[in-house]
Amino acid sequence: MAHDYFRALRDVALVINSSLEPREVLHKITEQTAATMGCKASTIRLLDSTGRFLLPSAAYGLSTTYMRKGPVEVKRSGLDGEVLSGKTIHLKDATADGRFQYPESAKSEGLVSVLSAPLMADGKAIGLIRVYSAEEREFSADEVTFMEAVAAISALAIENSRLHEALRNNYELMAKHAYSVYED
């Protein structure tokens with residue numbers, strides 16, 4: 001079974017390396033992660049600029065209704081606060097665990113067990129990745145390790161994408177400035 005995780009991790013790394021388009025990359029990561037772990041769904045949520053909300057950045061296997069259930073506010077979600085402190089957290093039954101912000105929506109969507117890992121960059125959480133199982137289950141040590149590895153390389157990809165965007169913006173500003181200097 002561990003061999004499958006190595007292959008899946010390689011596939012995630014190849015996806016990350018294949019494009020600088022963040023939406024496409026993150027969607028493929030959620031799809032690959034859910035499939036590898038035998039889960040119904042997966043999401044990646046990133047912190048907004050205030051650090052108060054987790055914004056949906058990619059999802060696989062979830063309905064539009066579930067994704068629009070309401071804002072995920074860090075202070076109202078005990079689970080997300082724990083994950084963003086750097087911990088990988090498993091909820092055996094999210095519909096019955098008070099740390100899950102939207103248990104009724106999870107129940108309606110057919111989600112039971114969840115495993116969440118932080119996306120860490122420079123020692124700070126920038127978001128999280130989560131898988132959802134349709135039945136109550138335990139996650140093995142190999143699955144937890146796989147999830148943490150996917151989270152680590154996903155965070156790296158997100159930061160690289162952000163840096164690429166900032167460099168592109170700076171280049172465009174410099175080019176405009178240089179053009180205007182020569183025009184004057």
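Strand β1, which covers residues 41-47, and strand β6, which covers residues 124-132, are paired with each other in the antiparallel sense over 6 bridges. Within this pairing, Ile 44 has Ile 129 of β6 as its bridge partner. The model in which these strands are seen is a predicted one.

**The sheet**

The pair belongs to an open sheet of 6 strands, whose order is β3-β2-β1-β6-β5-β4 and whose pairing is antiparallel. The edges are taken by β3 (72-73) and β4 (89-91), each of which has a single partner strand, so one side of each is left without a neighbour in the sheet. In general, the strands of a sheet are held in register with one another through backbone hydrogen bonds, in either a parallel or an antiparallel manner.

The strands and the helix discussed here are listed below with their residue ranges.

| Element | Residues |
|---|---|
| β1 | 41-47 |
| β2 | 53-60 |
| β3 | 72-73 |
| β4 | 89-91 |
| β5 | 114-121 |
| β6 | 124-132 |
| α2 | 22-37 |

**The helix across the sheet and the overall layout**

Helix α2, made of residues 22-37, lies across β1, β2, β5 and β6, and runs at about 70° to β2. The protein as a whole has 6 helices and 6 strands, and from the N terminus on these elements follow the order α-α-β-β-α-β-α-β-α-β-β-α. Of the contacts between residues at least 6 apart in sequence, 59% join residues that are at least 24 apart. Buried residues account for 41% of the 184 residues in the protein.

**The loop between β5 and β6**

Asp 122 is found in the loop that lies between β5 and β6. The phi angle of Asp 122 is near 55°, which is a positive value in a residue other than glycine. Asp 122 is also exposed, because its relative accessible area is 80% and the term applies to values over 50%.

**An enclosed space**

Rolling a probe the size of a water molecule over the atoms shows where empty space is left. A search of the whole structure finds 1 cavity of 30 Å³ or more, and the volume of the largest cavity is about 90 Å³. The residues that line the largest cavity include Arg 45, Tyr 66, Lys 69, Val 72 and Ser 77, and among the others are Asp 80, Phe 100, Gln 101, Tyr 102, Arg 130 and Tyr 132. By type, the lining of the largest cavity divides into 5 nonpolar, 2 polar and 4 charged residues.

Note on methods: Residues numbered from 1 in each chain as written. Predicted model: local features only at pLDDT ≥ 70, side-chain atom pairs only at ≥ 80, totals over all residues. Heavy atoms only, no water. Pairing = 2+ DSSP bridges. Helix = DSSP H or I, 4+ residues; strand = E, 2+ residues; numbered from the N terminus. Contact = heavy atoms within 4.5 Å. Axes fitted to C-alpha atoms, helices over the stretch in contact; angles between N-to-C directions. 1 Å grid on protein atoms, 1.4 Å probe; cavity = no way out; pocket = protein on both sides within 12 Å on 5 of 7 lines; lining within 4 Å. Points joined across faces, edges and corners; volume = space filled by probe spheres on them. Nonpolar A, V, L, I, M, F, W, Y, C, P; charged D, E, K, R; others polar. Buried < 20%, exposed > 50% of the residue type's maximum accessible area, 1.4 Å probe, protein only.
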